[in-house]
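Grab a coffee and work through these exercises with the model open beside you. Try each task before you read its solution.

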Amino acid sequence: MDIRIVICSHCGKEYEWQASGSWALETPKKYNSDKYCPDCQKAIMDTLEKIPILFKNKSVNVEDAVKFDSSLSQVTPQYIFELIKREEEKAKERQKSSMFPIMKRVFAGLVNCETGESSIAGEVTDSIIKNYRSINRQFFYSYWPSKPEEMKISISVRIETETGNIVDYAR
Ligand SMILES: [Zn+2]
């Protein structure tokens, strides 16, 4: 547990902020902030709650995002495998000049009870230029090693909450 005395950046009073560990302060955990005291944090949250969220990031199936950007129809299992290969090569390159082992984000896969096969899941990014803007697209994939061609691919996009329409890539 890590509790620190910090100063509220709005009202200037000293308060306790818990940085880690199981909750030990008397104030509600949801008002725990390293920037604002519980009173100020509550005021901020109560106010923001009244303002509707217009846009948010969401992960959707790539097929469902093609109508937003037709270039996503090129994002096939083949394409994802290329990206994975490229990232692995880059990681190896970095490894040469580093004393640390390669870090790889591993996702908990599913297990098929009948065959005992484990699914493989992960995250890769590519970079495209759209409307004069460079965009890093983040893909999530999962597949059964015996059926790589049936890979499920999703992508983070920005949606308008009222309509559910995709308006951009996640930012
Ligand atoms: Zn305050």
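Strands here are DSSP runs of E, at least two residues long, numbered from the N terminus, and two of them count as paired if DSSP finds at least two bridges between them. Keep in mind that this is a predicted model.

**Exercise 1. Work out how β6 and β7 are joined, and find the residue with a positive phi in their hairpin.**

Solution.
- Start with the bounds: β6 covers residues 152-160 and β7 covers residues 166-169.
- Next, look at the pairing. The two strands run antiparallel and are joined by three bridges.
- For a landmark, pick I159, which sits opposite I166 in β7.
- Now go to the turn. Five residues lie between the strands, and G164 in this hairpin has a positive phi near 80 degrees.

**Exercise 2. Stay in the loop between β6 and β7 and decide whether T161 is buried or exposed. Then list what T161 touches beyond its sequence neighbours.**

Solution.
- T161 belongs to the loop between β6 and β7.
- Count the C-beta neighbours: T161 has 12 inside 10 Å, so T161 counts as exposed. The cut-off for exposed is 12 or fewer.
- Leave out residues up to four places away in sequence, and the contacts of T161 are I53, L54, F55 and K56.
- Check one of these by distance. T161 and L54 are 107 residues apart along the chain, yet their C-alpha atoms are separated by 5.4 Å.

**Exercise 3. Find which members of the largest nonpolar core touch the most other members, and say which elements each supply at least two of its residues.**

Solution.
- The core has 13 residues, and V62, F139, Y141 and I153 touch the most other members.
- At least two residues of this core come from each of α2 (62-65), β5 (133-143) and β6.
- Zoom in on V62. Skipping neighbours within four places in sequence, V62 contacts L72, V75, I153, S154 and I155.
- As background, nonpolar side chains tend to be buried together in soluble globular proteins.

**Exercise 4. Two residues in the loop between β4 and β5 have a positive phi without being glycine: what are the phi values of N131 and Y132?**

Solution.
- Place them: N131 is in the loop between β4 (120-130) and β5, and Y132 is in the loop between β4 and β5 too.
- Read off the angles. N131 has a positive phi of about 50 degrees, while the phi of Y132 is near 65 degrees.
- Then count neighbours within 10 Å. N131 has 6 other C-beta atoms there and is exposed; Y132 has 5 and is exposed.

**Exercise 5. Step back and describe the overall build of the protein chain: how many helices and strands are there, and how does the radius of gyration of the chain compare with that of a compact globule?**

Solution.
- Count the elements: three helices and seven strands. Their order from the N terminus is β-β-α-β-α-α-β-β-β-β.
- Compare sizes. The protein chain has a radius of gyration of 22 Å, against near 16 Å for a compact globule of 171 residues.
- Look at the domains. The assignment gives domain 1 (2-49) and domain 2 (55-169), with C-alpha centres 36 Å apart.
- Add the burial figure: 12% of the 171 residues are buried.
- Finish with confidence. The average pLDDT is 91, and 95% of the residues score at least 70. Helix α1 (residues 38-49) is highest at 97, and helix α3 (residues 77-96) is lowest at a mean of 90.

Key
Residues are numbered from 1 along each chain as its sequence is written. Helices (H or I, at least four residues) and strands (E, at least two) are DSSP runs, numbered from the N terminus. A nonpolar core is a set of buried Ala, Val, Leu, Ile, Met, Phe, Trp, Tyr and Cys residues joined through C-beta atoms within 7 Å. A residue is buried if 20 or more other C-beta atoms lie within 10 Å of its own, exposed if 12 or fewer, and partly exposed in between; C-beta atoms are placed from the backbone. Two residues are in contact if their C-beta atoms, placed from the backbone, lie within 7 Å. Domain bounds come from an automatic or database domain assignment. pLDDT is the predictor's confidence in each residue, from 0 to 100. The radius of gyration is taken over C-alpha atoms; the globule rule is 2.2 Å times the number of residues to the power 0.38.
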